[in-house]
Amino acid sequence: METVEAIKALKHRYWRACDAKNPQGFRDCFIAKGASIDFGALGRFDDADGIAKVFESIALQQVDGKPVILDMHHGVLPDITITSETTATGAWTLRFRQVNLIDNTETVSTGEYDDEYVIEDGEWKMSKCHFRPYWSITRPVTADTVVTAE
């Protein structure tokens, strides 16, 4: 159970880094070299450095010193299988919400993660992170909508 909880904590750190716009925290969740990343429309990569750059270019956008892409990741229904003392697999359902203040839209979506984990330098890291969307809905953020972001 300790291993499963450590892997859950890793995935939660990943989502917190996404929502907090923390590129280093995001990157630190993956192995140092050679991760398999497939985020569909956001890209496919054979190392986490590529998706980390995409993350920075989207998440860190600002207008007048304020963030304009606001994300909320909720990972639920973890299904983690320990395959050895140093490897595991996992599936998660994502509930995702994004407010885009450039396009004035709100998107709500869901999908499934297919992950693989390994121990690297004594810590669990993601060596594979593939995401498959199930559905999404995008609607306008109207002029009378109040959005505050710190």
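Begin by selecting Lys11, which is buried in this predicted model, its relative accessible area being 0%. Add Asp115 to the selection, and the two side chains are seen to meet in a salt bridge, with 2.7 Å from N to O. This pair links distant parts of the chain, since Lys11 belongs to helix H1 (residues 2-20) and Asp115 to strand E7, 104 residues apart. Asp115 also counts as buried, at 0% relative accessibility.

With Asp115 still on screen, widen the selection to the whole of E7, residues 105-120. On one side, E7 pairs with E6 in the antiparallel sense through 14 bridges, and within this pairing Thr93 stands opposite Glu112, while Gln98 has Thr107 as its bridge partner. The hairpin of E6 and E7 has four residues between the strands, and Asn104 there takes a positive phi near 55°.

Next, select strand E8 (residues 123-140), which runs antiparallel to E7 and is joined to E7 by 16 bridges. Thr110 of E7 can be found opposite Trp135 of E8. The hairpin that E7 and E8 form has two residues between the strands, and in its turn Asp121 has a positive phi of about 55°.

These two strands are also connected through side chains: Asp114 forms a salt bridge with Lys128, their closest N and O atoms being 2.8 Å apart. Asp114 lies in E7 and Lys128 in E8, 14 residues apart. Asp114 is partly exposed, at 38% relative accessibility, whereas Lys128 is buried, with a relative accessible area of 15%.

Now move to the other side of E6 and select E5, residues 69-82, which is joined by 12 antiparallel bridges to E6, residues 87-100. Met72 is a useful residue to label here, with Arg97 in E6 as its bridge partner. Four residues lie between E5 and E6 in the hairpin that they form.

For the last stop, select Asp49 and Arg27, which form a salt bridge whose closest N and O atoms are 2.7 Å apart. Asp49 lies in helix H3 (residues 48-59) and Arg27 in helix H2 (residues 23-27), so this contact ties together parts that are 22 residues apart in sequence. Asp49 counts as partly exposed at 33% relative accessibility, but Arg27 is buried, with a relative accessible area of 13%. Adding Lys33 and Asp47 to the selection completes a network, in which salt bridges that share partners join these residues with Arg27 and Asp49. The structure as a whole holds 10 salt bridges.

How values were computed
Residues are numbered from 1 along each chain as its sequence is written. This is a predicted model: local features need pLDDT of at least 70, side-chain atom pairs count only at pLDDT 80 or more; totals for chains, interfaces and linings use all residues. Side-chain values use heavy atoms; hydrogens and water are left out. Two strands pair if DSSP finds at least two bridges between them. A salt bridge is a side-chain nitrogen of Lys or Arg within 4 Å of a carboxyl oxygen of Asp or Glu. Buried means under 20% relative accessible area, exposed over 50%, partly exposed in between (1.4 Å probe, protein chains only).
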